[in-house]
Amino acid sequence: MSRLSQYFSAGRTSGKHTMPFVVILLALTAFACLSNLLLPADSVFHVSTYSITLLGKYLCYAMLALAVDIIWGYCGILSLGHGAFFALGGYAMGMYLMRQIGDRGVYGNPNLPDFMIFLGWKQLPWFWHGMDHFWLAMIMVVLVPGLLAFVFGWLAFRSRVTGVYLSIMTQALTYALMLAFFRNEMGFGGNNGLTDFKDILGFDLQSDHTRVALFAITGVILALLFVISQKILSSRFGKVILAIRDAEARSRFIGYRTDHYKVWLFVFSAVIAGIAGALYVPQVGIINPGEFSPINSIEMVIWVAVGGRGTLIGAIIGALLVNYAKTRFTAIMPDAWLFALGAMFVLVTLYLPKGLVGVYAQLMSKRGSKTPPTPPANTTASVKESNA
Amino acid sequence: MRAIDNAVGSLRETFRPDQVWPFLAPENNKVNVDKNIILYVEGLNLSFDGFKALNNLNLYVNDGELRCLIGANGAGKTTLMDVITGKTQCDSGTVYFGQTQNLLSKDEAQIAQLGIGRKFQKPTVFEEQTVFDNLELSLKTDKRVLPTLFSRLTPTQIDRIDEVLKIIGLAQQRFMLAGALSHGQKQWLEIGMLLASDPRLLLIDEPVAGMTPQETERTAELLTSLAGERTVIVVEHDMEFVRSIARTVTVLHQGSVLAEGTMDQIQNNKDVIEVYLGESEDGTATGEEV
């Protein structure tokens, strides 16, 4: 019996911060929403709608960081192309929002989005059909990134491409997609992307209430995905994933098809990135091929590195902090931001290999070791005594 | 007319009701050892850029046997294990596990699921996970993605892990990270991982490298106790260790079998003395000094 309880307590240690973190996240989200809706604009605690939208954007980035961390921190696959999945999810949502404009566009054509009329197209391309249904668009948000990740992962992991070669391939993937989406013939608005959205499910995108609701939904979905990811990664599947990261050959020799595991984890991660993109677009109001740019994908990796890879909480905190810093920094010194980002990456890699969460854990363990008899030393001593 | 008849005939053959197409047939993991031989290696050839790592190698291993493979560096011992476990593709030859399982057509994971466990030369364990988790991962379970995602540790499995922990003497380290173990303990943990997977055939590459004399002795005891129920193939350089465990020894030289027999027979074999013991003075020295 004690063995069992010992086992369960050991299994729980990794997830013991999960629930407090979710509670804090949801509480802050709720607080921001309520203070925007209920408090008068001159109150100290009032959160402006501008801030709400900004926070919503950060939460989308946090979701994206979660996706990158799942694949990088837990499975050691450094993807420099997660921006592609994010943007594809965003485009799927953008197409739906585009169709919602209806005849309120500049050209007033109820059947065709503005950019198609501008290009002289007579009818909707086949892949735009049905995108005026919300449910279909939502399926596409999950399906398109998932399918791309499946095909890409299947080909790459089966041929045992690993390490820096895989990173370069993912980078090439997102770059190729960027070039493709820049072309007007692709039918996704080319250079300008999709923008000028009016409403979502009949709610006006410009209204405060819609913005607060979008922010709240983002917060809830982030919490949900966080809990699901934590559950998956603490199951035996998660243990296999860690095993693949640390000794892939060994995992194969004890009977795991490591390529299958990697493909499914990659698909899961891509789907999260796609959902993040879909939530990002209505809040930001535009999606264009710039989201595919390789630099974006590299930035995501930096968020995760700063927060602490291999801990989902770290990825979320890293994304929030770095993006807040970015907003602040680019307001003060726009040109210096990229240098600051680079410096941050170098410093974190050199001095904080486990990121900010690692620093926190270190502080906690130091504080713990100051109290004289540390629990682990104590138990081993008692075990020795009982043996003697 | 005849062409049509032929076509119909072959169609009938394809759709025979009493047969299942091979790709639809359930995977058969049974190992047939009616002839009391568990591993058939025949005519194995493999060359790396002109260097013949394996040269028409033939080897038969009986069910339940403890077999030692010895040979100088480059004799092909590890390469042979690589071919058996699916890590390396050979140029020609056949490898059968039991009478029916063709190992050359399977990948590493399938071979492992058939019940062939392998220990590497350098101990490889999952360093960032606890000793307990290491063993849990190696248990003989359904190792496909979905069953693994929803699997839970059953009491039987916990008992099995405890049993293995006791055998390998790491019961007190069960919740330690495997990376924090000493070198010898890692070797033991890796052997424990093999045991947890309940294999039919164990391939063990240099189990006592870096172990203290006491640890070596315990390893020898463990390996001898395993034989009988399981088949064990050990590659080892330490001649004293080989002498202490081996009943049958196979000497490899330049990719093929040079001699086979008991340790005494091997030591008196002219060919062996000439190419192995004779050439490398320290080989005999280590044999006599301990």
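A nonpolar core, as the term is used on this tour, is a set of buried Ala, Val, Leu, Ile, Met, Phe, Trp, Tyr and Cys residues joined through C-beta atoms within 7 Å. Keep that in mind as you open the structure, which is a predicted model.

**Stop 1: the core**

Start by selecting A:M63, A:L64, A:A65, A:L66 and A:A276. The largest nonpolar core holds 174 residues, and these five touch the most other members. Now colour helix α3 of chain A, residues 49-72: with 16 residues, this helix gives the core its largest share.

Zoom in on A:M63. Which residues does A:M63 contact, leaving aside its neighbours within four places in sequence? Show A:L222, A:L225, A:I272, A:I275 and A:A276, and you have them.

**Stop 2: helix α4 against helix α11**

A:A276 leads us onward, as this residue is one of those that α11(A) brings to its contact with α4(A). Select α4(A), residues 82-101, together with α11(A), residues 258-284. Two packed helices are described by the angle between their axes and the distance between the axes. Here the axes come within 6 Å and cross at roughly 45°. The oblique class takes in angles that are neither under 35 degrees, nor over 145, nor from 65 to 115, so α4(A) is oblique to α11(A). The crossing of these two helices is right-handed.

To see the contact, show side chains on both helices. From α4(A), pick out A:H82, A:F85, A:F86, A:A87, A:L88, A:G89, A:G90, A:A92, A:M93, A:G94 and A:L97. From α11(A), the partners include A:A270, A:A273, A:G274, A:I275 and A:G277. By class, the contact has 15 nonpolar and 6 polar residues, with no charged ones.

**Stop 3: helix α4 against helix α6**

Keep α4(A) on screen and add α6(A), residues 134-158. How far apart are the axes of α4(A) and α6(A)? They lie 9 Å apart, and the helices pack at an angle of about 160°. Angles over 145 degrees count as roughly antiparallel, and α4(A) and α6(A) are therefore roughly antiparallel to each other. This crossing is right-handed.

On the α4(A) side, highlight A:F85, A:L88, A:G89, A:A92, A:M93, A:M95 and A:Y96. Facing them from α6(A) are A:F134, A:A137, A:M140, A:V141, A:V144, A:P145, A:L148 and A:A149. Sorted by class, this contact has 14 nonpolar residues, 1 polar residue and no charged ones.

**Stop 4: helices α12 and α14**

Move along chain A to α12(A), residues 294-307, and α14(A), residues 337-351. Their axes come within 10 Å and cross at roughly 40°, and α12(A) and α14(A) are therefore oblique to each other. Is the crossing left-handed or right-handed? α12(A) passes α14(A) in a left-handed crossing.

Select A:E299, A:I302, A:A305 and A:V306 of α12(A), then A:L341, A:M344, A:F345, A:V348 and A:T349 of α14(A), for the residues in contact. They fall into 7 nonpolar, 1 polar and 1 charged.

**Stop 5: a backbone detail in chain A**

Most residues other than glycine have a negative phi. Go to A:D196, which is not a glycine yet has a positive phi of about 65°. You will find A:D196 in the loop between β1 (194-195) and β2 (199-200) of chain A. Because it has 16 C-beta neighbours inside 10 Å, A:D196 counts as partly exposed.

**Stop 6: across to chain B**

Show both chains. Here 26 residues of chain B are in contact with 24 residues of chain A. On the chain B side, α3 (108-114), α4 (131-138) and α5 (145-150) each supply at least two residues. That side divides into 9 nonpolar, 10 polar and 7 charged residues.

Now isolate chain B, with its 12 helices and 10 strands. The C-alpha trace spans about 80 × 55 × 35 Å along its principal axes, and of the 290 residues of chain B, 41% count as buried.

**Stop 7: two strands of chain B**

Finish at B:S256, in strand β10 (residues 256-261). Which residues does B:S256 touch, not counting those up to four places away in sequence? They are B:N55, B:N56 and B:L57. Measure to B:N58 as well: its C-alpha atom is 7.3 Å from that of B:S256, although the two residues are 198 apart along the chain.

B:N56 sits in strand β2 (residues 51-62) and is another non-glycine residue with a positive phi, about 45°. B:N56 is partly exposed, with 14 other C-beta atoms within 10 Å, and B:S256, with 17 such neighbours, also counts as partly exposed.

Key:
Residues numbered from 1 in each chain as written. Chains lettered and ligands numbered in written order. Predicted model: local features only at pLDDT ≥ 70, side-chain atom pairs only at ≥ 80, totals over all residues. Axes fitted to C-alpha atoms, helices over the stretch in contact; angles between N-to-C directions. Helix = DSSP H or I, 4+ residues; strand = E, 2+ residues; numbered from the N terminus. Left-handed = near helix turned anticlockwise from the far one by under 90°. Contact = placed C-beta atoms within 7 Å. Nonpolar A, V, L, I, M, F, W, Y, C, P; charged D, E, K, R; others polar. Buried ≥ 20, exposed ≤ 12 C-beta atoms within 10 Å, placed from the backbone.
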